Amino acid sequence: MAMRSAETPRAIVAALLVAAAGSAPSDEIGSVGTKFKWFGPNDKIVVEAFEDEDVPGVTCYLSRAKTGGISGAVGVAEDTSDASIDCRQVGPIRLPEAVRNGREDGEAVFKRRTSLLFKTLQVVRFYDAKRNALVYLTYSDRIIEGSPKNSISAVPILPWPGSAAPAAPAPEAK
């Protein structure tokens, strides 16, 4: 039994490191209140924007629930798994080889902790070579169990007006 209790702090530290790693910086665009709280901030929907750090020229807009009240103010509340995403091409896109060949499919491009320790809202990216498009999926997961609630956005890779950089090449026919 003593060995098990010694492993618990290590598991908590590992979970915190995983939750903190790999998150692209985001800008809060705005928020709207959804539920009044007598004490602490109200529950709200937050809209954030972030760039895909590996694929310049793509910006994603994410709306997500944020729990208020006293527990939300001190960071111990668990936010719901409700989120929506919309991504757009905002400049010329040059795909890195690791994205183009699918090695980074499912790679997290954004993470946000939505509970004190175990729950994370993530955005992952896939490259659809057949349609020359990037697909972004947002979902919530926990160390033990995730949520089936999800949202996707597809960004067709198009030539950018006035740019010398070509769009990602269309895949060759097999």
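How many disulfides does the count come to in this chain? The count comes to one disulfide, where a disulfide is a pair of cysteine sulfur atoms within 2.5 Å.

Before you select anything, note that this is a predicted model, in which local features need pLDDT of at least 70 and side-chain atom pairs count only at pLDDT 80 or more, while totals for chains, interfaces and linings use all residues. Residues are numbered from 1 along each chain as its sequence is written, and side-chain values use heavy atoms, with hydrogens and water left out.

**The whole chain**

Begin with a cartoon view, in which the chain shows three helices and eight strands; helices (H or I, at least four residues) and strands (E, at least two) are DSSP runs, numbered from the N terminus. Following the sequence, you meet these elements in the pattern α-β-β-β-α-β-α-β-β-β-β. If you switch to a surface, the chain exposes about 10400 Å², of which carbon and sulfur atoms supply 59%; accessible areas come from the Shrake-Rupley method with a 1.4 Å probe, and for residues only the protein chains shown count as cover. Of the 174 residues, 33% count as buried, where buried means under 20% relative accessible area, exposed over 50%, and partly exposed in between (1.4 Å probe, protein chains only). Among contacts with a separation of 6 or more, residues 24 or more positions apart account for 51%, a contact being heavy atoms within 4.5 Å.

**Strands 2, 3 and 4**

Next, select strand 2 (43-51) and strand 3 (58-66), which run antiparallel and are joined by eight bridges; two strands pair if DSSP finds at least two bridges between them. Within this pairing, Glu48 has Leu62 in strand 3 as its bridge partner. The hairpin of these two strands has six residues between the strands, and there Gly57 takes a positive phi near 105 degrees.

Add strand 4 (residues 83-89) to the selection: strand 3 and strand 4 also pair in the antiparallel sense, over seven bridges, and Val58 stands opposite Gln89 in strand 4. In a regular strand the side chains alternate between the two faces of the sheet. Thr59, found in strand 3, counts as buried at 6% relative accessibility. Not counting residues up to four places away in sequence, Thr59 touches Ala49, Phe50, Glu51, Asp86, Cys87, Arg88 and Val90.

**The disulfide**

Now show the side chains of Cys60 and Cys87, which a disulfide joins with an S to S distance of 2.1 Å. Cys60 lies in strand 3 and Cys87 in strand 4, so the pair ties together parts that are 27 residues apart in sequence. The torsion about the S-S bond is about 105 degrees, so the disulfide is right-handed. Cys60 counts as buried at 0% relative accessibility, and Cys87 counts as buried at 1%.

**The aromatic pair**

Which two residues form the stacked aromatic pair? Select Phe50 and Phe110, whose rings lie 4.5 Å centre to centre with 15 degrees between the planes; rings of Phe, Tyr and Trp (its six-membered ring) pair if their centres lie within 6.5 Å, and planes under 30 degrees apart count as stacked, over 60 as edge-to-face and the rest as tilted. The pair links distant parts of the chain, with Phe50 in strand 2 and Phe110 in strand 5 (residues 107-113), 60 residues apart. Both Phe50 and Phe110 are buried.

**The salt bridges**

Finish with the charged side chains, where the count comes to six salt bridges, a salt bridge being a side-chain nitrogen of Lys or Arg within 4 Å of a carboxyl oxygen of Asp or Glu.

- Select Arg125 and Asp52, whose side chains meet at 2.6 Å, N to O; Arg125 is in strand 6 (residues 119-128) and Asp52 in the loop between strand 2 and strand 3, 73 residues apart. Arg125 is buried, and so is Asp52.
- Widen the selection to Asp52, Asp54, Glu104 and Arg125, which are linked in a network of salt bridges.
- Move to Arg88 and Asp86, which meet in a salt bridge at 3.3 Å, N to O; Arg88 is partly exposed, with a relative accessible area of 45%, and Asp86 is partly exposed, with 33%.
- End at Asp128 and Arg131, whose salt bridge spans 3.0 Å, N to O, and where Arg131 counts as exposed at 54% relative accessibility.
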